[in-house]
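Me: I am new to this structure. Please pick out one part for a close look, and tell me how the rest of the chain is laid out around it.

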Amino acid sequence: MSLKQPLWRAIGFGLAAGAAAWVFSQWDGALRLVLLLAIAVAWIAWSVPGLGVKLLDRAIHRVRAFHWRHEEGRHHAFGGVPLRVEDDGRQVWIGGDGLKRVLASRDSDEVLAARHAGRWRRHADGELLLRVDTVVDVLANGPGRLDPRTIRLRRYLEREVLFPAAERRRRRQAS
């Protein structure tokens with residue numbers, strides 16, 4: 001039985017924090033260091049509050065960016081299935097794995113790529129990516145096009161993926 005990656009990270013972080021706390025408790029200069037840091041933070045907050053706020057904002061932003069780095073660009077989901085959506089500035093791409101899960105399809109990547117001939121590519125990590133406009137066209141004209149789930153997925157892709165991307169491009173060209 002294997003544990004998931006986030007659980008391993010949490011266990012490792014807990015062990016490292018426990019070891020650091022034990023080392024810190026054994027060190028005689030720990031109290032002096034904590035007091036020095038508290039005085040430095042208080043002095044910065046009192047003397048230059050704008051600088052303190054900017055530094056704190058940057059630190060929080062960097063921690064958030066580090067924490068969410070694996071989820072960036074994956075904020076789309078349909079029916080509880082996360083979808084990998086990437087906008088390269090010219091085209092919007094959707095991950096084939098998520099699309100297959102949404103459509104409950106057991107087709108291989110090669111079959112899916114053949115259905116979207118010339119409108120697919122491989123990501124650096126090997127995942128099949130398909131152009132969203134082509135996926136919408138295939139969903140609108142392919143077999144099962146009148147299935148309610150297919151219609152909802154097509155509308156979702158048009159409204160939540162393609163339209164916002166077109167608006168971003170339009171605004172970028174206007175400015």
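Reply: Helices (H or I, at least four residues) and strands (E, at least two) are DSSP runs, numbered from the N terminus. The part to look at is Ala104, which lies in the loop between α4 (96–103) and α5 (109–115). This is a predicted model, where local features need pLDDT of at least 70, side-chain atom pairs count only at pLDDT 80 or more, and totals for chains, interfaces and linings use all residues. Numbering starts from 1 along each chain as its sequence is written, and side-chain values use heavy atoms, without hydrogens or water.

Start with the backbone. Ala104 is not a glycine, yet its phi is positive, at about 55 degrees. Most residues other than glycine have a negative phi. The positive phi of Ala104 comes just after α4. Ala104 is exposed, with a relative accessible area of 68%. The cut-offs are these: buried is under 20% relative accessible area, exposed is over 50%, and partly exposed is in between (1.4 Å probe, protein chains only).

Now step back into α4. The buried residues of this helix are Gly96, Gly98, Leu99, Lys100 and Val102. Ala104, in the loop that follows, is exposed.

Next, the whole chain. It has seven helices and six strands. Read from the N terminus, the order is α-α-α-β-β-β-β-α-α-β-β-α-α. The radius of gyration is 24 Å, well over the 16 Å that the globule rule gives for 175 residues, so the chain is more spread out than a compact globule. (The radius is taken over C-alpha atoms, and the rule is 2.2 Å times the number of residues to the power 0.38.) Along the principal axes, the C-alpha atoms fill a box of roughly 75 × 55 × 30 Å. Of the 175 residues, 25% are buried. Contact means heavy atoms within 4.5 Å. Take the contacts between residues at least 6 apart in sequence: 47% of them join residues at least 24 apart.

Two residues in the early helices give a sense of distance. Val34 sits in helix α2 (residues 30–47). Val34 is partly exposed, with a relative accessible area of 41%. From Val34 to Asp109 is 75 residues in sequence and 56 Å in space, C-alpha to C-alpha. Ala65 belongs to helix α3 (residues 49–67). Ala65 is also partly exposed, at 42% relative accessible area. Its C-alpha atom is 35 Å from that of Asp28, and the two are 37 residues apart along the chain.

Finally, the last two helices. The axes of α6 (residues 132–141) and α7 (residues 148–174) come within 10 Å and cross at roughly 155 degrees. α6 and α7 are therefore roughly antiparallel to each other. (That label needs an angle over 145 degrees; under 35 is roughly parallel, 65 to 115 roughly perpendicular, and the rest oblique.) On the α6 side, the residues that meet α7 are Val132, Asp133, Val135, Val136, Leu139 and Ala140. On the α7 side, they are Thr150, Leu153, Arg154, Leu157, Glu158, Val161 and Leu162. By class, this contact has nine nonpolar, one polar and three charged residues. (Ala, Val, Leu, Ile, Met, Phe, Trp, Tyr, Cys and Pro count as nonpolar; Asp, Glu, Lys and Arg as charged; the others, Gly among them, as polar.)

Look once more at Thr150, in helix α7. Thr150 is buried, with a relative accessible area of 10%. Leaving aside neighbours within four places in sequence, Thr150 is in contact with Leu139, Gly144 and Arg145. The C-alpha atoms of Thr150 and Ala140 are 8.3 Å apart, across 10 residues of chain. Set beside Thr150, which is buried, Ala104 is exposed.

Note on methods:
Axes fitted to C-alpha atoms, helices over the stretch in contact; angles between N-to-C directions.
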